[in-house]
Each structure stands twice: as C-alpha cells, then as structure tokens.
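Reader: I'm new to this one. Can you walk me through it?
Author: Sure. Have a look at it first.
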Amino acid sequence: MSASGCARLLSRLRYRGSVAVRSLRGGGPSRAAPPRATAFSCSAASSDGGGAGARAPDTSLFVPLPVSPLPPGPEGDVGAELTRPLNKSEALKILNKFYKRKEIQRLGAENGLDARLFHQAFISFRKYIMESGSLSPDVHIILNDICCGAGHVDDLFPFFMRHAKQIFPMLECMDDLRKISDLRLPPNWYPDARAIQRKIVFHAGPTNSGKTYHAIQRYLAAKSGVYCGPLKLLAHEIFQKSNDAKVPCDLVTGEERVCVDAEGRQAAHVACTIEMCSVTTPYEVAVIDEIQMIKDPSRGWAWTRALLGLCAEEIHVCGEAAAINLVTELMYTTGEEVEVRNYKRLTPIKVLDEALESLDKLQPGDCIVCFSKNDIYSVSRQIEARGLECAVIYGSLPPGTKLMQAKKFNDSDDPCKIMVATDAIGMGLNLSIKRIIFNSLIKPTVNEKGEKEMDTITTSQALQISGRAGRFSTVFKEGEVTTMHRDDLALLKEILNKSVDPIVTAGLHPTAEQIEMFAYHLPDATLSNLIDIFVSLSQVDGLYFVCNVDDFKFLADMIQHIPLNLRARYVFCTAPINKKQPYVCTSLLKFARQFSRNEPLTFDWLCRHINWPLTPPRNIKDLVHLEAVHDVLDLYLWLSYRFMDMFPDAALVRDIQKELDDIIQIGVLNITRLIRVSEATSGAVSVPDDFPLQRACVSDGMLNAEDLPEAERESFPNDSKARGHRRTRGSKVIGSRPVEGHLDPPARVQGALAARLIRQGLLTQDMLKELESEWLAHRNGETAAQNAGPNKYKGKKRK
C-alpha cells in the first residue's frame with residue numbers, strides 16, 4: 001500500500017470512530033458508524049414492541065456467547081503497519097480507565113447494558129483485546145491514538161458496543177423480540193373464531209348439580225360437536241355415552257385416536273382432552289368442561305385456547321361459578337355475550353359434627369381421602385388389618401386400573417365397600433360414595449414460581465372432593481363429609497363455609513411458532529434460554545398470566561446435548577410426563593437420542609428397553625415401576641401421533657399396554673399384601689416366589705400367615721385363627737358376608753383381560769361360566785382336603 005493510501009485509510013478509520021462516539025453522545029448525526037454499533041435504548045422501545053412503559057428484561061437470563069481472540073493474521077498485523085505495534089501494558093491501563101468512566105457506564109445503560117451486562121461485556125472485550133494476536137485495523141488505530149494522547153478514551157465505546165452485541169445478540173434485536181413475545185391480545189390469534197359470532201352459555205354450579213349433563217344433551221342433539229375435557233377418563237366417558245346414544249363420536253387424546261367409522265372417515269362429533277381440540281374445525285356445539293382449570297398454573301393455557309379459539313356456533317362452558325366474571329370479561333374482548341345458567345346440587349350433603357377418629361367406625365360407602373401415596377399405603381394396610389377390603393385409587397394408576405377399582409367399589413355384590421383415594425377421585429370417576437373422610441387437610445402444591453409447598457386445601461378443592469359423596473343416581477341419596485382427626489374437623493367446616501375465591505386470570509403459553517421466531521433472532525441460544533427470555537420479555541394484560549414453564553425447561557435442559565431440530569426439540573419438551581419419575585425421564589432421553597440418529601423406535605427396541613414381558617409386582621417398588629413403564633408406553637403412543645415414521649408400532653404398543661394394565665390391576669388388588677410383606681421384612685420389600693397373585697385368589701383381600709413361608713410367619717403378631725376371626729367380624733361391620741363360603745370369581749375374573757378375550761371371540765360367556773364352575777370345584781376340593789388333614793393323602797393312596 002502506498003504512503004498516500006495508508007494515510008487516507010488511517011484518516012478514514014479515525015474519522016469513523018470519532019463521529020460514532022459523537023453520535024452516541026448526542027453530538028449530532030453520524031454519516032458513518034462501525035458495523036452493528038447503532039444505539040438502542042431499552043426505555044425507548046417502539047410502541048409496537050411494548051412502549052415506553054415496557055418492563056426491563058431480566059438480564060440474568062442473557063447468556064454471553066464466547067468470542068475467541070484473533071490469532072495473528074496471514075498478512076501480518078495491518079494496524080501495526082499503519083501505526084506501530086500496540087503496547088499491551090498501556091492498552092490495559094486505557095481499558096481499565098474506560099471501564100471506570102461514569103459517562104461510559106451511562107452510555108452503556110442507554111444502549112441496553114445494565115451494570116451486570118456492562119461488566120460481562122467489558123471482561124470479554126478486555127480479554128479479546130489483550131489475547132488477540134492481531135486486532136482489526138480500526139480498533140488497533142483507535143487504541144494506539146489514545147495511548148499516544150491523540151485520542152480520547154471514550155472513542156473506544158463504539159467498538160466496545162460492537163463486541164457487546166456479538167456476545168449478547170439479543171441487544172441488537174430487542175424490538176423484534178418484544179413484538180414476538182407480546183401476549184396482550186390473545187383473541188387475535190384465532191381468526192377463524194373471530195370470523196363467526198358465537199353464542200356462549202355458562203353452566204355454573206357445584207359438583208353433582210347436572211350442569212355438565214345439560215351441556216352434553218345439547219351436544220348430542222347438535223349436527224356436529226366437540227367435547228373438551230381435562231382427563232382421558234372424561235373423554236372416554238363422553239365418547240362411550242355418545243356412541244351408546246347412537247350419535248357417532250370419535251375419540252382424540254394425546255395417546256389415542258379412535259375413529260368409529262370403519263373406513264376411517266371422521267365423525268361429526270368428537271370427544272377429546274382439551275389440549276387436543278382443533279381450533280380450525282367448525283362445529284355446531286362445543287362443550288368445555290371444568291372451566292375453572294383456566295387458572296391452573298401449568299395447564300390453564302389449554303382452557304384459554306379452547307375458550308377463545310373454538311370455531312363453534314355455541315360454546316357451552318361448565319364449571320364453578322367463580323369463573324363467571326372472568327369468562328364474561330374474556331368474551332367482552334371478543335365482542336361475545338355470555339348467558340349464565342345456574343344449577344343447584346341435586347342431592348343434599350352434610351358436614352358431620354364428629355370426626356371418624358378410628359378406622360373401626362368405617363361403614364359401607366366410606367371413602368378416605370389422602371394426599372400422598374405413603375398415606376394411601378398406610379391407611380390401606382390398617383383397613384385390611386381389620387379384615388376389610390378396600391379399593392385404592394391414586395393419580396399415577398393407569399385409567400383402566402382406576403376404572404376397575406371404581407367398578408369393584410360400586411359393585412353391590414362385591415365385599416369391597418371401602419375406598420382409599422387421593423383427590424384423583426375429584427374428576428372423571430362415577431363412584432357410589434356415602435361419606436367422604438379427609439385423612440388430612442394438608443396437600444403438597446406447586447406455586448406460580450414452580451416451588452413445592454405444603455398448604456391447606458382450598459375451598460374449591462374441598463368442595464370438589466366433598467361433592468363426590470351422595471351423588472345423584474347412586475344408592476346413597478345424601479352425602480356426608482367429615483375428617484379422620486378431631487382437630488381437623490373445625491378447620492374443614494371453616495374451609496367449606498368460605499366462598500370460593502373468584503378466578504381473575506387465564507393462562508397463556510408460548511407457541512412453537514413464537515419460539516421458532518425467537519430462535520431465528522437468537523440462533524445460538526438453548527431452548528431453555530429462549531423460553532426464559534420469552535417469559536421475561538412477554539407482556540400480558542390484567543386478564544392473563546404466563547403458565548409455569550419449569551417442566552418444559554427441565555426437559556429442554558435434559559435433552560439439550562442431543563442434536564435435534566428446534567421443532568422436534570419443542571415437541572419432545574411438551575411431552576406430558578412427570579419429571580419426578582426418573583425412569584420415565586430416562587426413557588424420554590433414550591427416545592430423543594434414538595430419534596436424533598434417525599433410527600425408528602420399533603416395537604422390538606421398546607420391548608428391550610422396558611424388559612418386556614413383565615411379571616406381577618413382588619413388592620411396592622415393583623408396582624411403582626410398573627406404573628412408570630405404563631407411562632413410558634403412554635409417552636411412546638403420544639410421540640407416535642407426532643412422529644409417525646419414527647414411532648411406527650403404536651398398535652403393538654397399545655396391545656402390550658393393555659396387558660400391562662392387567663398386571664398392574666393384579667398388583668393393586670394385592671396392594672395390602674405387598675404392604676404387609678414389606679412391613680414384615682422391615683423395608684426389604686420382597687415377596688416369595690410362590691406368593692399368590694392371581695386375581696381369583698384375592699377374595700379375602702388379605703395375606704394369611706399360612707400363605708407365607710415358615711420363616712416369615714413369625715413376623716405376624718397374631719396367629720391365623722385370630723386373624724381369621726377378626727376378618728369375619730370386620731366383614732359384618734361393613735354389611736358384607738364372611739369371605740369363606742362366598743367367593744365371587746366372576747367379579748374378579750371379568751376384568752379387562754376377560755372382556756378382551758370375549759371381544760376377540762377367544763372366550764364365550766358359557767366358557768367363562770364353565771371356568772368359574774371348575775374354579776369353584778377346585779377351590780372347594782382344596783378346602784375339603786385341608787379340613788381332612790394329613791389322613792387325606794393316605795385315603796387317596798388306598799383308593
């Protein structure tokens with residue numbers, strides 16, 4: 001380069017730097033500026049992106065990207081050739097002086113760098129300057145001029161900002177990010193729904209008031225309709241009712257699609273879980289059940305989406321009256337009016353003046369409500385020790401097992417007349433309960449921040465659970481409610497006498513499309529970090545809140561190291577699994593890894609993963625594991641509807657899931673036996689190989705001492721005669737017959753397996769009766785042989 005050319009380049013570089021600094025200081029317009037050095041003020045965001053009142057982002061979520069120092073260039077150090085080699089010791093002093101300048105810190109704040117980001121950006125900038133083998137000519141010349149006294153330390157600012165935006169790219173596009181995360185007008189997300197004038201009918205009332213019944217009658221009478229429920233069990237129930245009423249209805253849940261038409265054509269009616277409802281398909285009538293769940297910190301967004309987005313001429317909303325005002329306000333923003341129909345409870349319910357205090361006072365139709373599995377196990381064990389059978393229902397049980405336990409409890413011919421359950425009975429199960437007994441009023445909950453808390457149940461929860469007693473169309477026309485402990489009774493009355501707090505906000509959740517737009521602007525950010533920044537920048541009005549995304553972020557962090565495209569990664573992170581189940585989380589990780597290799601997850605691969613075939617549980621730990629395996633199969637089916645090519649064997653998986661459901665049912669029928677053996681072995685929960693786990697052998701609901709190996713009999717405090725006597729007395733207490741002499745194998749055997757064999761034509765009712773007769777004869781023969789004592793073998797020998 002000629003001397004005159006070098007001089008011109010040098011002059012131009014110095015001019016650019018000085019003018020850019022004057023522009024950032026407000027000293028007049030700049031005709032040229034270093035690349036990416038345009039000033040941005042967080043407080044001066046455009047009106048479309050949030051306005052001057054937009055809250056500042058949480059900069060702790062801004063993860064700096066690494067910028068490596070430059071090695072020596074192949075053409076040498078151009079800056080040194082134009083001026084002189086840089087004195088790094090002098091440069092370090094200049095940089096530290098730059099950092100301490102209040103004017104520079106103020107300029108940084110105006111350009112989006114709060115104290116935290118300013119410090120991180122400076123540390124990175126200083127490292128970049130000091131460790132680079134050669135700097136870009138403009139930076140080298142400015143630094144050299146400052147060292148020589150020919151420039152001002154503030155002249156570094158444009159180059160510092162250029163570096164800051166390299167490590168914090170969100171500074172460059174904050175306006176766009178604010179626009180994408182603006183959640184203030186959710187009704188506008190659903191143009192199809194806004195294109196029609198919908199009629200909104202709110203059916204408000206307590207449990208057992210008939211509100212959902214009236215909505216469903218309108219749904220069945222319509223030419224087309226969609227039912228949106230919170231649970232698979234409720235969707236199944238409406239699916240069954242609709243088809244029984246000769247109204248063809250399909251079923252859609254996250255894990256299942258059932259089309260009633262033999263040729264696969266969609267029916268005009270569909271029953272679905274609320275997350276699966278279509279907001280583009282037109283219907284005459286839509287039913288949204290349990291609308292109060294619009295406030296749920298994790299799932300509330302699904303109710304908001306259905307309420308605002310369903311394309312139906314009539315929307316029938318069912319739920320607590322506490323949601324009326326919120327629904328009315330939400331519909332005001334869409335220009336739609338709400339008609340409210342109030343209902344009263346069909347049967348009376350009474351809060352008793354005495355607590356139960358002792359399980360000896362249990363009566364037929366009692367349901368003890370616990371809020372933890374440990375309490376379920378403990379109470380079940382104590383009930384069984386009194387010679388009573390009990391049905392057990394808790395949240396992690398498969399739907400088929402819950403239904404089987406409910407059927408067992410409701411069956412008037414079954415000796416099981418007591419239920420122990422969690423608040424899972426609050427929705428989706430029709431139970432013939434006379435009295436609800438709260439074992440405790442303390443329930444673990446997750447707050448808006450995702451933190452676990454132990455708190456007293458709310459009035460809404462207490463009413464929902466209590467309302468299961470004395471339901472219309474059951475044998476108990478009046479319901480009763482009490483507590484197990486005397487100290488809790490006054491608190492329960494206080495809770496039930498309170499009015500339910502009105503619901504004031506509806507949940508929202510970022511969509512895959514919004515996250516993809518974020519990723520376009522921040523391509524190097526992790527999915528978890530994208531979600532964090534989105535929530536931090538999101539703006540909602542007073543009617544909405546952003547749902548808790550902790551579970552999503554947990555899964556996003558777990559699979560971050562697996563190479564997946566953003567849409568697939570997002571889908572995996574929305575999988576409905578319980579992050580507290582390590583086996584299920586590990587399975588999701590393996591699924592994602594196999595998926596990333598573009599290797600289909602075949603039936604054989606899955607069977608190897610879960611060690612299929614499985615056997616009945618030998619202890620409580622085994623039962624919990626089987627429940628987790630069932631959830632893994634649910635996860636496979638859920639993914640199979642989103643990635644059909646990669647999860648190709650849904651039909652085979654559904655078949656083994658039904659078999660697993662039968663195995664879990666066996667475990668639940670024997671749950672008190674497993675608990676007793678667990679206690680007998682002081683926590684080494686092992687069950688002998690010959691442990692009787694067949695369904696037909698659980699008639700008495702107990703494990704007699706003679707059923708155990710000799711070594712384990714000593715651990716039982718009473719002999720078999722005493723235990724047998726107590727069992728008979730307990731059976732009389734609940735109004736059922738003594739177990740001996742009355743075994744009811746049909747009620748035991750006719751579970752999901754028998755029903756399926758009959759449906760498949762492999763078993764007929766006559767064959768079932770014949771099997772029943774053979775089983776009774778065999779059982780009676782065994783009893784007679786036991787009564788005959790040791791001589792029975794001699795007698796047979798003589799014959």
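Author: One term before we start: a helix here is a DSSP run, H or I, of at least four residues, numbered from the N terminus. Also, this is a predicted model.

Reader: OK. Where is Lys165?
Author: Lys165 sits in helix α7, residues 157-167.

Reader: Is Lys165 buried or exposed?
Author: Buried. Its relative accessibility is 1%, and the cut-off for buried is under 20%.

Reader: How far is Lys165 from Ala121 in space?
Author: The C-alpha atoms are 8.7 Å apart. In sequence, Lys165 and Ala121 are separated by 44 residues.

Reader: New topic: rings. How many aromatic pairs are there?
Author: A search of the whole structure gives 16. Take Tyr99 and Phe118: this pair is stacked, with 5.6 Å from centre to centre and 20 degrees between the planes.

Reader: Which helices hold those two?
Author: Tyr99 belongs to helix α3, residues 88-100. Phe118 belongs to helix α5, residues 115-131. The pair links distant parts of the chain, 19 residues apart.

Reader: Why does Tyr99 count as partly exposed?
Author: Because its relative accessibility is 25%, and partly exposed lies between 20% and 50%. Phe118 is buried, at 5%.

Reader: Which residues do ring pairs link into a cluster?
Author: Phe98, Tyr99, Phe118, Phe122, Phe125, Phe157 and Phe160.

Reader: Now the core. How many residues has the largest nonpolar one?
Author: It has 165 residues. Those with the most contacts inside it are Ile383, Phe572, Phe591 and Phe647. Helix α24 gives the largest share, 12 residues.

Reader: And the second, separate core? How many residues there?
Author: That one has 26, including Leu233, Phe371, Ala421 and Ile495.

Reader: Back to Phe572. What does Phe572 touch?
Author: Leaving out residues up to four places away in sequence, its contacts include Leu588, Phe591, Leu639 and Phe647.

Reader: How do α22 and α24 cross?
Author: Their axes come within 9 Å and cross at roughly 30 degrees. Helix α22 covers residues 582-596, and α24 covers residues 620-640. The crossing is right-handed.

Reader: Which residues make the contact?
Author: From α22: Tyr583, Val584, Ser587, Leu588 and Phe591. From α24, among them: His625, Ala628, Asp631 and Leu639.

Reader: What classes are they?
Author: The contact has 10 nonpolar, two polar and one charged residues.

Terms used
Residues numbered from 1 in each chain as written. Predicted model: local features only at pLDDT ≥ 70, side-chain atom pairs only at ≥ 80, totals over all residues. Heavy atoms only, no water. Axes fitted to C-alpha atoms, helices over the stretch in contact; angles between N-to-C directions. Left-handed = near helix turned anticlockwise from the far one by under 90°. Contact = heavy atoms within 4.5 Å. Nonpolar A, V, L, I, M, F, W, Y, C, P; charged D, E, K, R; others polar. Core = buried A, V, L, I, M, F, W, Y, C linked by side-chain atoms within 4.5 Å. Buried < 20%, exposed > 50% of the residue type's maximum accessible area, 1.4 Å probe, protein only. Phe/Tyr/Trp six-rings, centres within 6.5 Å; stacked < 30°, edge-to-face > 60°.
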